[in-house]
Amino acid sequence: MTKMGTNSLSPFKLIVFLSMCMSQISEAQRGMSVSVFTVTSKSIVVRWTQVPGVHSYKVTATPKNAQVTPVFSQFNGAITIGSVIYLIPDTIYNMKVEAIDSNGLVLAQAEVLETTAPDVPSIDQAYSKLSNSITVEWNPVPGASAYTLRAEDGISVIETSVTGSPGTVSNLKPATQYIISVMSVNAGGRSQPSVPKKAKTVLSAPILHSSSPSNSSIVVTWEPVYMAVGYTFSIIQTKTGQRVNVNTSQTNITFTNLEPGTIYSIKGNAWDSSNTLGDDYTISQITRPEIPQNVQVSLNGRSVGAMVTWTSVEGADNFTAANWNGQNCSYSFPSPPSSTVNISCDITPLLCGQQYSITVVARNRAGPSQPSAPEKFLTFPCAPENITIEEPNPGNLTVSWIRVTYAEYYVAFVKSDDGIEEQCNTTQTRCEFHCLCGFTYFVSVFAYNSAGQSPIGNVLNYTTAPCCPGDVMPAFVSGDTLEITWSPVRGAEVYQTKAADGTSQIHCNDTATVCALSALQCNTRFSLVVTSCNEVRGCNTSCKTHYAETAPCSPEILSIAQASASSFNISWSTNNKEANYTVRALGMAESHTCRTSGRSCQITGLPCGSTYDVSAIAITSVGQSLPSYTRPLETGPCCPNNLTVTQATQAMTNVTWSTAKGAQSYITMLKSPRGEAKCHTLQTHCLLGCITCGTNYTVSLQAISGTGHMSECTFHGFSSSACCPSNVRLYRMSNNTIRVYWRSSGNLHNYTADLYGTSANYTCTPPQGLSSCDISEISCGDVYSVVVAPVSMDGSKVKFCPRKMYSVSCSGNNVGMVIYRGKRSVD
């Protein structure tokens with residue numbers, strides 16, 4: 001037996017010591033907390049937690065930095081909130097709450113520091129300058145760090161925080177009576193509201209809408225303002241500063257005799273029955289501009305259009321010139337000019353052979369001016385129509401058209417695609433030209449009269465018969481595609497390519513000098529013909545035949561069979577006659593290949609936990625095929641490098657292992673003749689339950705990949721600890737001796753019994769096979785936690801056996817009664 005602690009205390013000292021310990025335990029159990037509920041300038045309300053056995057509570061407020069008598073209040077034991085009044089503003093108090101029993105003894109107490117709010121401010125005046133706010137002035141309060149302004153209209157309450165006087169409370173309603181009060185604020189809270197004052201917000205401003213119906217007048221309208229009996233308006237010319245003031249009780253007003261194209265500033269206020277002006281509202285309005293002057297029209301020689309010029313007028317930022325059929329052009333100033341300038345714009349296109357009447361209107365944001373006097377002019381002749389091109393004989397072109405009204409003569413232009421141009425002047429409706437094969441010609445015809453040249457009409461093109469393409473070069477792209485290139489030829493609009501293998505034919509039409517013939521039979525010889533075509537002359541059928549051979553066909557992987565843990569057999573099918581094959585397994589960081597002229601080969605040296613894409617290609621003297629479709633190859637996942645089994649409780653075991661390459665999930669198993677435990681998880685650890693104590697287990701693990709590949713892994717065995725004993729009891733013996741008794745699990749194990757008390761700890765270990773042991777000279781008057789646990793082969797104790805609590809009383813100087821106090825789990 002091992003004895004810890006001391007037993008030399010006298011009985012009197014021992015009783016005092018135990019009483020002090022029990023008093024500390026009782027006081028800790030009766031601990032309380034206190035918090036501040038509300039604060040004013042002269043009171044603090046606190047809240048506390050209930051204490052068992054309390055008769056009353058005493059709340060004392062003691063100034064921290066002032067020589068003032070503390071103030072206290074007494075409350076019934078059922079109350080958990082109370083206040084102390086008659087305090088000093090802006091003062092730090094220590095708030096102490098004491099829980100007192102019926103004998104006047106303090107059971108528990110708690111304290112908290114709190115500052116009272118500053119003193120109540122006094123308002124000097126409150127007034128409104130804007131319809132949505134009231135400004136307040138007051139005397140500063142010592143100790144206040146901020147102030148809260150409050151405005152009440154009987155329906156809503158609006159508060160605003162400010163740092164000092166004067167302060168403004170906003171977001172108010174116009175023409176409304178408010179009751180205004182001020183509260184001072186510090187870190188402790190805010191004071192009671194000051195003596196209120198009444199203040200009324202002024203009227204809101206009229207929302208003005210303006211327009212200029214003419215170049216000498218402005219009309220202003222607005223909606224009626226609540227509580228307004230009249231309105232005052234000022235109109236100011238921005239250039240000269242000239243001002244006119246007008247009063248009215250209507251909701252509209254017209255200002256006349258104004259300058260054209262001039263900006264005026266208009267300000268309006270509403271006033272109430274006491275002649276108090278409300279907010280003002282200002283708008284800016286420009287009058288319409290004057291009529292444009294000096295309008296002139298000239299024909300534009302570059303197109304069928306007219307250039308209109310005129311002199312600008314003051315205040316106009318946009319001008320529009322329009323003819324009788326709705327065509328127009330406009331001009332806008334990027335910035336207002338400092339003086340009048342000549343400006344112009346083009347109306348285009350105009351109808352040929354017509355007489356037009358054009359007027360000009362000036363505009364600004366107020367609206368348009370009156371139109372100017374009309375100006376008339378005549379346009380150019382129309383372009384010839386129904387132009388036709390014919391080639392009656394090879395090398396000769398005939399161009400013809402119908403006669404144009406008012407045309408005096410015609411000019412026909414014929415331009416070839418190499419840049420050479422010819423023209424023909426005639427009073428007739430027909431011209432003759434020389435042409436070459438394989439060229440494209442562009443033909444245009446103009447009519448002329450005294451006004452000038454007609455607009456350009458339709459530009460026609462004519463293409464002569466194309467020649468055969470030269471430098472035809474076939475080249476293979478893949479097993480089923482050939483790419484053919486050739487040199488361009490004159491007159492060709494489309495190239496037609498044909499490929500034939502004796503049984504079928506493939507066509508390709510394109511405007512480019514390259515064509516890709518796809519969907520061809522791989523490993524096949526083809527005849528190729530390329531011809532040039534255009535829409536007028538068709539295709540040239542006398543072009544030369546060429547020959548080309550396609551690349552070998554792509555293999556098709558038939559199977560991937562695992563030969564061993566690190567090697568796989570790959571087999572494929574193909575219809576190539578003479579070809580060699582290369583098979584590649586491509587992984588994330590490396591690749592493996594095998595080559596053969598047969599139809600299968602083996603890839604070796606593949607590591608565990610890896611995935612590969614497997615493909616094959618065929619190679620002949622022509623080239624190589626496209627790769628086959630890839631097939632996935634996956635090796636089984638690797639086993640973890642290490643695995644650890646640790647017993648957590650009598651019935652639970654914690655198994656951990658290292659990460660296994662290629663594994664997504666794991667199945668961990670512990671097997672014994674008494675049963676097995678299994679866990680399937682995505683983690684590298686698992687908690688296994690239903691473990692039988694004192695049992696040998698075999699440990700195994702299955703590593704599983706994301707696609708279901710599985711590797712079996714076996715690790716060293718595991719033996720669970722001995723079972724915890726049951727029916728643990730404490731019995732009083734003679735001579736201050738305690739016997740610890742238990743019921744063992746049936747196997748021969750060593751056990752150790754531990755008693756943990758507040759003043760001493762004891763341990764006893766009986767010989768193997770016994771289920772009890774005695775502890776002498778034990779200290780009575782204490783509560784002991786008793787743990788009986790088996791001892792492992794290595795001498796360590798099982799740590800998860802439960803504790804039982806026993807109270808050992810004293811009978812004089814000897815051990816008295818032993819009382820069972822309950823059971824708890826191990827700490």
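1. Pockets are sought on a 1 Å grid over the protein atoms alone, where a pocket is an open set of points with protein on both sides within 12 Å along at least five of seven lines, and its lining residues have an atom within 4 Å of a point. Grid points are joined across faces, edges and corners, and a volume is the space filled by probe spheres set on the points. By this reckoning the second largest pocket has a volume of about 390 Å³.

2. The model is predicted, and local features need pLDDT of at least 70, side-chain atom pairs count only at pLDDT 80 or more, and totals for chains, interfaces and linings use all residues. Residues are numbered from 1 along each chain as its sequence is written, and side-chain values use heavy atoms, with hydrogens and water left out.

3. Which residues lie nearest the centre of the second largest pocket? They are G261, E314, G315, P336 and P337, out of a lining of 20 residues. That lining divides into 7 nonpolar, 9 polar and 4 charged residues, where Ala, Val, Leu, Ile, Met, Phe, Trp, Tyr, Cys and Pro count as nonpolar, Asp, Glu, Lys and Arg as charged, and the others, Gly among them, as polar.

4. On the surface, F37, I79 and I81 form a nonpolar patch with about 230 Å² of accessible area together. Such a patch is made of residues with over 30% relative accessible area and no salt bridge (a side-chain nitrogen of Lys or Arg within 4 Å of a carboxyl oxygen of Asp or Glu), its nonpolar side chains (Val, Leu, Ile, Met, Phe, Trp, Tyr) being joined within 5 Å. Areas come from the Shrake-Rupley method with a 1.4 Å probe, and for residues only the protein chains shown count as cover. I79 itself is found in the loop between β5 (71-76) and β6 (81-84), strands being DSSP runs of E, at least two residues, numbered from the N terminus. With a relative accessible area of 31%, I79 is partly exposed, a class between buried (under 20%) and exposed (over 50%).

5. Two cis peptide bonds deserve a look. One joins S165 and P166, with omega about -5°, and P166 is found in the loop between β12 (157-162) and β13 (167-169). The other runs from T348 to P349, with omega near -5°, and P349 is found in the loop between β27 (342-347) and β28 (355-364).

6. Positive phi values in residues other than glycine also merit checking. M227 has phi near 75°, lies in the loop between β17 (217-222) and β18 (230-237), and is partly exposed at 40% relative accessible area. N727, with phi near 55°, lies in strand β61 (residues 726-732) and counts as partly exposed at 24% relative accessibility.

How values were computed: On a 1 Å grid over the protein atoms alone, a cavity is a set of points where a 1.4 Å probe fits but cannot get out, and a pocket is an open set with protein on both sides within 12 Å along at least five of seven lines; lining residues have an atom within 4 Å of a point. Patches are made of residues with over 30% relative accessible area and no salt bridge: like charges are joined within 9 Å, nonpolar side chains (Val, Leu, Ile, Met, Phe, Trp, Tyr) within 5 Å. Helices (H or I, at least four residues) and strands (E, at least two) are DSSP runs, numbered from the N terminus. Buried means under 20% relative accessible area, exposed over 50%, partly exposed in between (1.4 Å probe, protein chains only).
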